[in-house]
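Reader: I would like to learn how to read strands, salt bridges and burial in a model. Can we work through one together?

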Amino acid sequence: MIHDLLGKLANYANVPRVTRIVAYLASTDVTSLQEGDIPIDGEDLYVKVLRYHPEPATANYFETHREYTDVQIMFDGDELMQTAPRGELTDHTSYDAASDYQFFTATDAVSSFIVREGEFVVFFPGEAHKPGCRWRERDRPVLKLVFKIRPRPPARTRQR
């Protein structure tokens, strides 16, 4: 997991397709985007545009992905997010391969942090996270972009 200021996103070369995400953001009026999924590089890179009011943490579940890395960028509002180690998770649903997610519950070893406007978080495959949680009584609506990145398979080496 990575949590930092949006202006530093380009520094994270270990995030797949980070250069493509930075270029997309530089050429896009984020505030005019409609909610939903927008393809950038087919299914290998797309963005989910989300507008919502954060819910109490007890109303949300932890989630993991097996294929996709999430880059969640807060453009308006803020929210509480939580993480938990894999060993502390209890299955809530089975894995949905078509949507690449599984939901969990956890009560022990839960860590919480605030993601504010102008910050981003990266969750790599297998990292449990619970986004969209309210941390104040009067949270304002959130505008968040979630870039979904499917890492490229390693290049094949020729056998001699």
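**Reading strands, salt bridges and burial**

Author: This is a predicted model. Start with one pairing: β6 and β11 run antiparallel and are joined by four bridges. Within that pairing, Leu80 stands opposite Cys133 of β11.

Reader: Which other strand pairs with β6, and over how many bridges?

Author: Strand β9, residues 111–115, pairs with β6 over five bridges, in the antiparallel sense. There, Gln82 has Ser112 in β9 as its bridge partner.

Reader: How do I read the two faces of a strand?

Author: Side chains in a regular strand alternate between the two faces of the sheet. Now take β6. Glu79, Met81 and Thr83 lie on one side, and Leu80, Gln82 and Ala84 on the other.

Reader: Are those β6 residues buried or exposed?

Author: They are all buried, so both faces of β6 are covered. That makes six buried residues out of six in this strand. The cut-off for buried is under 20% relative accessible area.

Reader: Now a sheet. What is the strand order in the open sheet of six strands?

Author: Read the order across: β1-β10-β5-β12-β3-β2, with antiparallel pairing. The edges are β1 (2–5) and β2 (36–41), each pairing on one side only. From one strand to the next, the twist averages 20°.

Reader: Which helix packs on this sheet, and which strands does it touch?

Author: Helix α1, residues 18–26, packs there and touches β2, β3, β5 and β12. The direction of α1 makes about 145° with that of β12.

Reader: How many bridges join β2 to β3?

Author: Five, and the two strands run antiparallel. Strand β3 covers residues 45–52. Pro39 stands opposite Tyr46 in β3.

Reader: On to salt bridges. How many does the structure hold?

Author: It holds 10. In one of them, the side chains of Lys48 and Asp37 meet at 2.9 Å, N to O. Lys48 belongs to strand β3 and Asp37 to strand β2, so the pair ties together parts 11 residues apart in sequence.

Reader: How accessible are Lys48 and Asp37?

Author: Lys48 has a relative accessible area of 27% and is partly exposed. Asp37 is also partly exposed, at 48%.

Reader: Which parts of the chain does the pair of Arg140 and Asp76 link?

Author: First the contact itself: their side chains meet in a salt bridge of 3.1 Å, N to O. Arg140 sits in the loop between β11 (128–133) and β12, while Asp76 is in strand β5. The two are 64 residues apart, so read this as a link between distant parts of the chain. Arg140 is partly exposed at 39% relative accessibility. Asp76 is partly exposed too, with 33%.

Reader: Where do Asp78 and Arg136 lie?

Author: Asp78 is in the loop between β5 and β6, and Arg136 in the loop between β11 and β12. They are 58 residues apart. Their side chains meet in a salt bridge, again with N to O given, at 3.1 Å.

Reader: Is Asp78 buried or exposed?

Author: Asp78 counts as buried, at 8% relative accessibility. Its partner Arg136 counts as partly exposed, at 35%.

Reader: Which residues are linked in a network of salt bridges?

Author: Look for Glu43, Asp44, Glu67 and Arg150. Salt bridges link these residues in a network.

Note on methods:
Residues are numbered from 1 along each chain as its sequence is written. This is a predicted model: local features need pLDDT of at least 70, side-chain atom pairs count only at pLDDT 80 or more; totals for chains, interfaces and linings use all residues. Side-chain values use heavy atoms; hydrogens and water are left out. Two strands pair if DSSP finds at least two bridges between them. Axes are lines fitted to C-alpha atoms, for helices over the stretch in contact, and angles run from 0 to 180 degrees between N-to-C directions. Contact means heavy atoms within 4.5 Å. A salt bridge is a side-chain nitrogen of Lys or Arg within 4 Å of a carboxyl oxygen of Asp or Glu. Buried means under 20% relative accessible area, exposed over 50%, partly exposed in between (1.4 Å probe, protein chains only).
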